[in-house]
Amino acid sequence: GGGGSAKKVFVGNLPYSATWKDLKDHMRTVGDVAHCDILPEHGTPCGSKGCGVVEYWTAKDAKRAIKEMTETELNGRTIWVREYHDY
């Protein structure tokens, strides 16, 4: 398996204030985003874990995001992007 995960990237160090829409707008500078999620964490001020998963329509765009979007700034925080793995 694992065919679907090549199109997904894991984004970390997100500002807690960031919404899935902020993340999508930021990440679509390198390609069309199919789906975007902020991982929830109950009990935190904004209900966010500070990380998210972005799915692109193509694996090529996902690779590009890993290369070009890591160490970019979202709402004043430097984020990182890596390959997503279904554990």
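In which sense do β1 and β6 pair, and over how many bridges? The two strands pair in the antiparallel sense, over 4 bridges. That is a handy way into this structure, which is a predicted model, and strand β1 makes a good starting place for the tour.

Look along β1, which covers residues 8–12. Its partnership with β6 includes a spot where Val 11 stands opposite Val 81. Strand β1 also pairs with β3, again in the antiparallel sense and over 4 bridges. In that pairing, Val 9 faces Val 54 of β3. With 4 of its 5 residues buried, β1 is largely enclosed by the rest of the structure.

Now stay with β1 and find Phe 10. Its ring forms an aromatic pair with the ring of Trp 80, and the count for the model is 1 such pair. A pair of aromatic rings is described by the distance of the centres and the angle of the planes. Here the centres are 5.8 Å apart and the planes meet at 35 degrees, so the pair is classed as tilted, being neither under 30 degrees nor over 60. Phe 10 belongs to β1 while Trp 80 belongs to β6 (residues 80–83), so the pair ties together parts that are 70 residues apart in sequence. How buried or exposed are the two partners? Phe 10 counts as buried, at 14% relative accessibility, and Trp 80 counts as partly exposed, at 35%.

From here we can move to the nonpolar core. In soluble globular proteins, nonpolar side chains tend to be buried together. In this model the largest nonpolar core has 18 residues, and those touching the most other members are Val 9, Val 11, Leu 23, Met 27, Val 54 and Tyr 56. You have already met Val 9 and Val 54, the residues that stand opposite each other. Which elements each supply at least two residues of this core? They are β1, α1 (20–27), β2 (33–40), β3 (48–56) and α2 (59–68). The largest share, 3 residues, comes from β2.

One core member deserves a closer look: Tyr 56, which is found in strand β3. At 0% relative accessibility, Tyr 56 counts as buried. Leaving aside residues up to four places away in sequence, Tyr 56 touches a list of residues that includes Lys 7, Val 9, Met 27, Val 33 and Ala 34, along with Asp 61, Ala 62 and Ala 65. For a sense of scale, the C-alpha atoms of Tyr 56 and Leu 14 are separated by 18 Å, and these two residues are 42 places apart along the chain.

Helix α1 is the next stop. Which of its residues are buried? They are Leu 23, His 26 and Met 27. These residues cover an arc of only 90 degrees around the axis, which puts them on the same side of α1. There is a simple background to this: an α-helix has 3.6 residues a turn, so residues three or four places apart point the same way. The buried residues of α1 pack against β1, β2, β3, α2, β4 (73–74) and β6.

What about the cysteines? The count of disulfides is 0. The sulfur of Cys 36 has its closest cysteine sulfur in Cys 51, at 12 Å, which is too far for a bond. Both residues are tucked away from the surface: Cys 36 is buried with a relative accessible area of 6%, and Cys 51 is buried with 10%.

Finally, let us visit two loops and their backbone angles. Most residues other than glycine have a negative phi. Which way does phi point in Asn 13, positive or negative? Phi of Asn 13 is a positive value, near 65 degrees. Asn 13 sits in the loop between β1 and α1 and counts as partly exposed, at 30% relative accessibility. Glu 71 also has a positive phi, of about 65 degrees, although it is not a glycine. Glu 71 lies in the loop between α2 and β4, and with a relative accessible area of 67% it is exposed.

Note on methods:
Residues are numbered from 1 along each chain as its sequence is written. This is a predicted model: local features need pLDDT of at least 70, side-chain atom pairs count only at pLDDT 80 or more; totals for chains, interfaces and linings use all residues. Side-chain values use heavy atoms; hydrogens and water are left out. Rings of Phe, Tyr and Trp (its six-membered ring) pair if their centres lie within 6.5 Å; planes under 30 degrees apart count as stacked, over 60 as edge-to-face and the rest as tilted. Buried means under 20% relative accessible area, exposed over 50%, partly exposed in between (1.4 Å probe, protein chains only). A nonpolar core is a set of buried Ala, Val, Leu, Ile, Met, Phe, Trp, Tyr and Cys residues joined through side-chain atoms within 4.5 Å. Contact means heavy atoms within 4.5 Å. A disulfide is a pair of cysteine sulfur atoms within 2.5 Å. The arc is that of the directions from the helix axis to the C-beta atoms. Two strands pair if DSSP finds at least two bridges between them.
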